[in-house]
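Here is a quick tour of how the helices, strands and charged side chains fit together. Keep the viewer open while you read.

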Amino acid sequence: RTSPKRVSDQKLTRETKLDFGLNERNFIKNYSKGLSGPKKFTLLLSFMAKGKVGTDIALDSIRSKWGKMTSKNLMGYEFNLNYPTEAKTRGWIDSKKSSFYHLRDKWMSIFD
């Protein structure tokens, strides 16, 4: 007899509903497994914007939250300025003004 997989062990899909009511540490722990740095940046931005496309969030705020979650079971490593650049290159986020980022429509593709 097999036991069902825990939600955190299952691969998330585009149809997955994220619970933005969780605190930031629990949100990152639940949804960041297996994600790269740029994907984790996008995930953290999505938490701060509550999933709303177009909501500008300051880079300093994102870095500050990231810095409080560098343990192995959360972000896993220190923040790198290449993460927002790569996320922007892949079309998950965008920036209209310097040091402010917002989600784009296809940001959920980080889970594909």
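## Sheet, helices and salt bridges

In strand E3, Ile 93 finds its bridge partner in Leu 103. Bear in mind as you go that this is a predicted model.

That bridge belongs to the pairing of E2 with E3 (residues 100-103), which is antiparallel and runs over two bridges. Asp 94 sits opposite His 102 of E3. The hairpin of E2 and E3 has five residues between the strands, and in it Ser 99 takes a positive phi near 70 degrees.

On to the other partner of the pairings. E1 and E3 also go together in the antiparallel sense, over two bridges, and here Ala 58 faces Phe 100 of E3. Put it together and you get an open sheet of three strands, ordered E1-E3-E2, with antiparallel pairing. Which strands stand at the edges? Those are E1 (57-58) and E2 (93-94): each has a single partner strand, so one side of each is left without a neighbour in the sheet. As a general reminder, strands of a sheet pair through backbone hydrogen bonds, either parallel or antiparallel.

Now for the helices. H2 (residues 37-48) packs against both H3 (residues 59-67) and H4 (residues 82-89). The geometry looks like this:

| Helix pair | Angle between axes | Distance between axes |
|---|---|---|
| H2 and H3 | about 110 degrees | 10 Å |
| H2 and H4 | about 85 degrees | 8 Å |

Angles of 65 to 115 degrees count as roughly perpendicular, and H2 and H3 are therefore roughly perpendicular to each other. On the H2 side, the contact uses Gly 37, Lys 40, Phe 41, Leu 44, Leu 45 and Met 48, while H3 brings in Leu 59, Ser 61, Ile 62, Lys 65 and Trp 66. Sorted by character, the residues of this H2 and H3 contact come out as seven nonpolar, two polar and two charged.

H2 and H4 are likewise roughly perpendicular, given their angle. From H2, the residues in contact are Gly 37, Pro 38, Phe 41 and Thr 42; from H4, they are Tyr 83, Pro 84, Glu 86 and Ala 87. This H2 and H4 contact splits into five nonpolar, two polar and one charged. If you are clicking through residues, Gly 37 and Phe 41 of H2 are worth a look, since they turn up in the contact with H3 and in the contact with H4.

How many salt bridges does the structure hold? There are two. In one of them, the side chains of Lys 65 and Glu 24 meet at 3.4 Å, N to O. Lys 65 lies in H3 and Glu 24 in helix H1 (residues 24-31), so this pair ties together parts that are 41 residues apart in sequence. Lys 65 is partly exposed at 26% relative accessible area, and Glu 24 is partly exposed at 26% as well.

The other salt bridge joins the side chains of Glu 86 and Arg 90, at 2.7 Å, N to O. Glu 86 is partly exposed, with 24% relative accessibility, and Arg 90 is partly exposed too, with 39%.

Both salt bridges link back to the helix packing. Lys 65 is among the H3 residues that touch H2, and Glu 86 is one of the H4 residues in contact with H2.

Key. Residues are numbered from 1 along each chain as its sequence is written. This is a predicted model: local features need pLDDT of at least 70, side-chain atom pairs count only at pLDDT 80 or more; totals for chains, interfaces and linings use all residues. Side-chain values use heavy atoms; hydrogens and water are left out. Axes are lines fitted to C-alpha atoms, for helices over the stretch in contact, and angles run from 0 to 180 degrees between N-to-C directions. Helices (H or I, at least four residues) and strands (E, at least two) are DSSP runs, numbered from the N terminus. Angles under 35 degrees count as roughly parallel, over 145 as roughly antiparallel, 65 to 115 as roughly perpendicular and the rest as oblique. Contact means heavy atoms within 4.5 Å. Ala, Val, Leu, Ile, Met, Phe, Trp, Tyr, Cys and Pro count as nonpolar, Asp, Glu, Lys and Arg as charged, and the others, Gly among them, as polar. Two strands pair if DSSP finds at least two bridges between them. A salt bridge is a side-chain nitrogen of Lys or Arg within 4 Å of a carboxyl oxygen of Asp or Glu. Buried means under 20% relative accessible area, exposed over 50%, partly exposed in between (1.4 Å probe, protein chains only).
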